[in-house]
Amino acid sequence: MACKVPFVDPRAHYQSLKREIDAAIGNCLSQGDLVNRQQLQAFEKHLASFVGVKYAVGLNSGYHALEFSLRAAGIGRGDEVITAGHTFLATVSAIVNCGATPVLVDVGDDYNLDPDGLAAAIGSTTRAVIPVHLNGRMCEMDRIMDIANHHGLVVIEDSCQALGAHHRGKKAGSIGLTGCWSFYPFKVLGGFGDGGAITTNNGEDRQTGEYHYHGYTALLDNVQAAVLDVKLRHLPKWIEHRRKIAGLYNEGLQGLGGLILPPFDGYGYFDIFQNYIIASTSRDSLRAHLQADGIETLVSWPKPMWEHPGLGLKNPHLRNTERICREVLSLPMSAETTPEQVDYTVRSIREYFSLPLRQPLLEAAEI
Ligand SMILES: Cc1ncc(COP(=O)(O)O)c(C=O)c1O
């Protein structure tokens, strides 16, 4: 069956911005501004100001933002770095590839690093912690920072899924030594290819021309920076849209026994819904039912990373992470997702649970 509700819609996204995007790209090409020119510097300045820090450095990926942050903090062989067991592999690969040992800790019901698990995992060689703000909701950074400061740990924030999220007045990516960002096309701020950045208050002017280390070729392309700079101006409006879509899902999916809905604000959190995650013990058959109705969904991630033998990771026996891999499902969510698509998806899910919606969801929607 043809897809009625796409998970994301990059073609519609481009069409809605075509004029601005084409002008920005045309500008770079006609002026010959291809590498490390004013478009990159302007984007870095605007990103730093959006996050609320002094500096931003545009890079080619979120992965490299993480690896370079660890290397800049002097982390390497013999060091342990604690992070969440439930995260994208890149978080852990960055630790392994800089020579350090990852120590994986379970996540709580918010899908984020459990601060008690962090405290319990600290040992004599622990040097750093990477809290991952997953799905657009921040970790409990007050507690994580208290624990990290008490033990003298470096904190690198994996904020790749949380641009614009905040908690008790503090923005994702502005609290640790660095915030690491991904501009993979389907992130809240996505380029037309891979991209990333580091934000920090701890930097220096890179125009001095001084070399401090042997390096890498990993700068954000100028054309991508020009595109991202255009998109950054639209980001607050897109975040509001995502929050409204999440509100509609929450409203429509209330009262379905056995279906767990994601956290939404409360306790000083402001969530930006990179992903809208539901959980159910019958996830796979629910997913097949949605697919038959033409609704595209995503599973992040179908098995824990330590079950991939090629990665050589020890099994840390994390109960929540293992359960999450079996139960979670991401519903369609993007700046282009419409209330009609949510209505259709909600109806399909309620039909699966044999609890049809009594009144139209759209009456409540004012998007
Ligand atoms: C939580 C998390 N960490 C790290 C990354 C790595 O980012 P990238 O794909 O840009 O390397 C991503 C994005 O895919 C992510 O979602």
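Me: Is Arg-143 buried, partly exposed or exposed?
Reply: This is a predicted model. Buried would need under 20% relative accessible area, and exposed over 50%. Arg-143 has a relative accessible area of 33%, so the side chain counts as partly exposed.

Me: Which residue meets the side chain of Arg-143 in a salt bridge?
Reply: Side chains of opposite charge can pair when their charged atoms come close. Here the N to O distance is 2.6 Å. The partner has a relative accessible area of 46% and is partly exposed. The residue that meets Arg-143 is Asp-116.

Me: How many residues apart are Arg-143 and Asp-116?
Reply: The salt bridge between Arg-143 and Asp-116 links distant parts of the chain. Arg-143 sits in helix 6 (residues 141-151), and Asp-116 in helix 5 (residues 115-121). Their separation is 27 residues.

Me: What separates Arg-347 and Asp-343 along helix 10?
Reply: The two side chains meet in a salt bridge at 2.8 Å, N to O. Arg-347 is partly exposed at 33% relative accessibility, whereas Asp-343 is buried at 11%. They are 4 residues apart in helix 10 (residues 339-352), so the separation is about one helical turn.

Me: Which residue forms a salt bridge with Glu-327?
Reply: Glu-327 is buried, at 11% relative accessibility. Its partner also lies in helix 9 (residues 319-327), 4 residues away. The closest N and O atoms are 3.0 Å apart, and the partner is Arg-323.

Me: How many salt bridges does a search of the whole structure find?
Reply: Some are joined up: Glu-240, Arg-243 and Asp-265 are linked in a network. Another pairs Arg-143 with Asp-116. The search of the whole structure gives 12.

Me: How much of the ligand's accessible area does the protein cover?
Reply: 15 residues surround the ligand, and Tyr-63, Asp-158 and Lys-187 are among the closest. Ligand oxygen atoms lie 2.8 Å from a backbone N or O atom of Gly-62 and 2.7 Å from a polar side-chain atom of Ser-182. On its own the ligand has 380 Å² of accessible area, and the protein's share of cover is 91%.

Me: Why is there no bond between the sulfur of Cys-98 and the closest cysteine sulfur?
Reply: Cys-98 is buried, with a relative accessible area of 7%. A disulfide needs the sulfur atoms within 2.5 Å. The closest cysteine sulfur, in Cys-180, is too far for a bond, at 11 Å.

Me: What is the area of the nonpolar surface patch that includes Leu-29?
Reply: Leu-29 is found in helix 1 (residues 10-31). At 52% relative accessibility, Leu-29 counts as exposed. With Leu-34, Val-35 and Leu-219, this residue makes a nonpolar surface patch of about 360 Å².

Technical notes: Residues are numbered from 1 along each chain as its sequence is written. This is a predicted model: local features need pLDDT of at least 70, side-chain atom pairs count only at pLDDT 80 or more; totals for chains, interfaces and linings use all residues. Side-chain values use heavy atoms; hydrogens and water are left out. Patches are made of residues with over 30% relative accessible area and no salt bridge: like charges are joined within 9 Å, nonpolar side chains (Val, Leu, Ile, Met, Phe, Trp, Tyr) within 5 Å. Accessible areas come from the Shrake-Rupley method with a 1.4 Å probe; for residues, only the protein chains shown count as cover. A salt bridge is a side-chain nitrogen of Lys or Arg within 4 Å of a carboxyl oxygen of Asp or Glu. Helices (H or I, at least four residues) and strands (E, at least two) are DSSP runs, numbered from the N terminus. Buried means under 20% relative accessible area, exposed over 50%, partly exposed in between (1.4 Å probe, protein chains only). A residue is near a molecule or strand if one of its heavy atoms lies within 4 Å of it. A polar contact is a pair of N or O atoms within 3.5 Å; within protein, one must be able to donate a hydrogen and the other to accept it, and residues adjacent in sequence count only if both atoms are side-chain atoms.
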